[in-house]
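Grab the coordinates and work through these exercises with me. Each has a task, then a solution in steps.

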Amino acid sequence: MSLTLLERPHEHVALLKLNRPDARNALNDPLRAELANQFEKLAADRNTRCIVITGNDRVFAAGADLKEAVDSSPIDMMARRVLYFWKVVAGCRKPLIAAVNGFALGGGCELALQADIIVAGEGAKFGQSEVSVGIMPGGGATQRLTRAIGKYRAMKMLLTGEHVTAEEARRLGFVNDVVPDDKVVETAIGIAKTIASMPPLAVEQIKEVVLAGMDSSLDAGLMLERKAFEILFASRDQEEGMRAFIEKRKPSFEGR
C-alpha cells in the first residue's frame, strides 16, 4: 500500500495525502522517504504551482513513530537521514498549504509548520509533545514555532507538551483559517487554486524572499526583495499581467 496518495483536484494543484491510517499517520522512515520523493518530483514539475498536504478526517499526523525510535542510538538516528526529509520539504519552491484535521502532534505539527499557509478544522489539535517522552523536537519546532508565535508562547508549548485547539493556534498566529472539519480540504484547495492562478515565477520569488528575509537583517531582506522585483521584469508573465490589466482582460500566465 502506498504511504502517500497524490491527487490532482485542479490542473495546477497537487493534493498530497498521508496514508498510514492504522498508525494515525505517524512519520516513520518509509513514509518520510515517500514524502521526500513526492516533494522532489512536485518541485520539479512545471505544471504544479501549489501543493496541499493533508492526512485524513481524523488525524493529520500524530508525530514520529516511536516504535521505530525507542531503541535507537545516536548513530542510528544519524543514519536515518531524517534531516534530509525536513530539508526537502523546507526547500520546496512551490507554495505549500497544510490542511489539518484532528491531531497534528510532534513531527506532525512540525510538518504543518513547514507550510506557508495552514487551514485547520474546528476539531484540530496542535502540539509539540516530545518532551513528555524524554526528547525534544527535532524537525524544526524550536525554531519555526518560536519565529511564528514568539519565545514565551512557544516555550510554554515546547516545555509542557500541551495541545492547543485550532482556534487557539489561530489566535497565537500560526494557523490562518479555522473552518468546519468537513470543509478543511475544500478550503485549502480553494486557496491553492487562487495561488495557482497567479504568475508562478512571481509566486516562487515571493516565497523565496519571505523565507530568506526572515533570517536576514531588514536591509538585506529589502535588497533581496528589490533584486527579485527587478528580475521579474525579464519574464513574459510580467508583460502579460500588466497588459491584461491595462486591456481589462484576464491574464494567461505561463511561468516564463
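**Exercise 1. Work out how helix 10 passes helix 11, and what the contact is made of.**

Step 1: handedness. Helix 10 passes helix 11 in a right-handed crossing; a crossing is right-handed if the near helix is turned clockwise from the far one by less than a right angle, and left-handed if anticlockwise. Helices here are DSSP runs of H or I with at least four residues, strands are E runs of at least two, and both are numbered from the N terminus.

Step 2: the contact list. On the helix 10 side you'll find Q205, V209, A212 and G213, and on the helix 11 side G221, L224, E225 and A228. Contact means heavy atoms within 4.5 Å.

Step 3: chemistry. The contact residues of this pair split into four nonpolar, three polar and one charged. Nonpolar covers Ala, Val, Leu, Ile, Met, Phe, Trp, Tyr, Cys and Pro, charged covers Asp, Glu, Lys and Arg, and the others, Gly among them, are polar.

Step 4: geometry. The axes of helix 10 (residues 200–214) and helix 11 (residues 218–231) come within 9 Å and cross at roughly 165 degrees. Axes are lines fitted to C-alpha atoms, for helices over the stretch in contact, with angles from 0 to 180 degrees between N-to-C directions. The two helices are therefore roughly antiparallel to each other. For the labels, under 35 degrees is roughly parallel, over 145 roughly antiparallel, 65 to 115 roughly perpendicular and the rest oblique.

A word on the input: this is a predicted model, where local features need pLDDT of at least 70, side-chain atom pairs count only at pLDDT 80 or more, and totals for chains, interfaces and linings use all residues. Residues are numbered from 1 along each chain as its sequence is written, and side-chain values use heavy atoms, leaving out hydrogens and water.

**Exercise 2. Find the angle at which helix 6 and helix 7 pack, and the residues that make the contact.**

Step 1. Helix 6 (residues 141–149) and helix 7 (residues 151–160) pack at about 135 degrees, with their axes 7 Å apart. That's why they count as oblique to each other.

Step 2. Helix 6 passes helix 7 in a right-handed crossing. The contact uses A141, T142, L145, T146 and I149 from helix 6, plus K151, R153, A154, M157 and L158 from helix 7.

Step 3. Sort the residues of this contact and you get six nonpolar, two polar and two charged.

**Exercise 3. Lay out the open sheet: which order do its strands have?**

Step 1. The six strands of this open sheet run in the order 1-2-3-5-7-10, with mixed pairing. Strand 1 and strand 10 (177–179) sit at the edges with a single partner strand each, so one side of each has no neighbour in the sheet. From one strand to the next, the twist averages 20 degrees.

Step 2: walk the pairs. Two strands pair if DSSP finds at least two bridges between them.

- Strand 1 (residues 4–10) and strand 2 run antiparallel, joined by five bridges, and form a hairpin with two residues between them. E7 has L15 as its bridge partner in strand 2.
- Strand 2 and strand 3 (residues 50–54) run parallel, again with five bridges. L16 stands opposite I53 in strand 3, and K17 opposite T54.
- Strand 3 and strand 5 pair in the parallel sense over four bridges, with V52 partnered by I97.
- Strand 5 and strand 7 (residues 117–121) are also parallel over four bridges, and V100 stands opposite A120.

Step 3: burial. Five of the six residues of strand 2 (residues 13–18) are buried, so the rest of the structure largely encloses it. Buried means under 20% relative accessible area, exposed over 50%, and partly exposed in between (1.4 Å probe, protein chains only). In strand 5, L96, A98 and V100 point one way, I97 and A99 the other, and all are buried.

**Exercise 4. Is Q114 buried or exposed, and which residues is it in contact with?**

Step 1. Q114 belongs to the loop between helix 5 (107–113) and strand 7. With a relative accessible area of 7%, Q114 is buried.

Step 2. Skipping neighbours within four places in sequence, Q114 is in contact with W86, V89, A90, L96, G139 and R144.
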